[in-house]
Amino acid sequence: MTIRSQAKVGTDKPSRYAKQLSSHLGRKCEVSEEPEGIRITLPADRGAGSCLLVSEPDALALRAEAENAEVLDRVQDVVGRHLERFGQRDELKVDWTND
């Protein structure tokens, strides 16, 4: 079973943040280009989980999915924490909602 959550982070630089996040996390995670955006897949040593980064006109949409709640929490923490740190100057805030 796959569980999902999402967040929409308002910014006028969604592509820049998606690129910065995928570049930074790409050192430890698998990063792949998809038709909709950039997918970051966390190492599967503690369960399968990923997050799709989708650049929209005025926001960066985050679509996380995992095999269980513990892994989903990890995906949300890693992606959200790094994005908020990179976007500190722009006061980016990630608020996840479950699907």
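This is a short talk on the salt bridges, the largest pocket and one helix of the structure above.

Okay, hi everyone. One thing up front: what you're looking at is a predicted model, so please hear everything I say with that in mind.

Let's begin with charge pairs. Side chains of opposite charge can pair when their charged atoms come close. In this model the count comes to 7 salt bridges. I'll walk you through some of them.

Take Lys13 and Asp90. They form a salt bridge, and the closest N and O atoms sit 3.0 Å apart. So which parts of the chain does this pair tie together? Lys13 is in the loop between β1 (3–10) and α1 (14–25), while Asp90 is in the loop between α2 (69–86) and β6 (97–98), so the bridge links parts that are 77 residues apart in sequence. As for how much of each partner is on show, Lys13 is partly exposed at 29% relative accessible area, and Asp90 is partly exposed too, at 32%.

Next up, Arg39 and Glu34. Here the closest N and O atoms are 2.7 Å apart, again a salt bridge. Now, is Arg39 buried or exposed? Arg39 counts as buried, because its relative accessibility is 16% and the cut-off for buried is under 20%. Its partner Glu34 is partly exposed, with a relative accessible area of 29%.

The last pair I'd like to show is Asp77 with Arg81. Their side chains meet in a salt bridge, 3.0 Å from N to O. This one stays inside a single helix: both residues belong to α2, and they're 4 residues apart, about one turn of the helix. Both ends are partly exposed, Asp77 at 40% relative accessible area and Arg81 at 43%. While we're on Arg81, have a look at Lys93 as well. Those two are 12 residues apart along the chain, and their C-alpha atoms are separated by 9.2 Å.

Right, pockets. The largest pocket holds about 210 Å³ of space. What sits closest to its centre? Out of 12 lining residues, that would be Leu25, Lys28, Cys29, Val78 and His82. Both α1 and α2 supply at least two residues each to the lining, and α2 gives the largest share, with 4 residues. If you sort the lining by class, you get 5 nonpolar, 2 polar and 5 charged residues.

That brings me to α1 itself. How does the span of α1 agree with what it should be? Well, at 1.5 Å a residue, the 12 residues of α1 should span 16 Å, and the end C-alpha atoms are indeed 16 Å apart, so the two agree.

And which residues of α1 are buried? The list is Pro14, Tyr17, Ala18, Leu21, Ser22 and Leu25. They take up an arc of only 125° around the axis, so they end up on the same side of α1. Flip to the face turned away from that buried side and you find the exposed residues Lys19 and Ser23. Leu25, by the way, is one you've already met: this buried α1 residue is also among those closest to the centre of the largest pocket.

Okay, that's my tour. Over to you for discussion.

How values were computed: Residues are numbered from 1 along each chain as its sequence is written. This is a predicted model: local features need pLDDT of at least 70, side-chain atom pairs count only at pLDDT 80 or more; totals for chains, interfaces and linings use all residues. Side-chain values use heavy atoms; hydrogens and water are left out. A salt bridge is a side-chain nitrogen of Lys or Arg within 4 Å of a carboxyl oxygen of Asp or Glu. Buried means under 20% relative accessible area, exposed over 50%, partly exposed in between (1.4 Å probe, protein chains only). On a 1 Å grid over the protein atoms alone, a cavity is a set of points where a 1.4 Å probe fits but cannot get out, and a pocket is an open set with protein on both sides within 12 Å along at least five of seven lines; lining residues have an atom within 4 Å of a point. Grid points are joined across faces, edges and corners, and a volume is the space filled by probe spheres set on the points. Ala, Val, Leu, Ile, Met, Phe, Trp, Tyr, Cys and Pro count as nonpolar, Asp, Glu, Lys and Arg as charged, and the others, Gly among them, as polar. The expected span of a helix is 1.5 Å times one less than its number of residues. The arc is that of the directions from the helix axis to the C-beta atoms.
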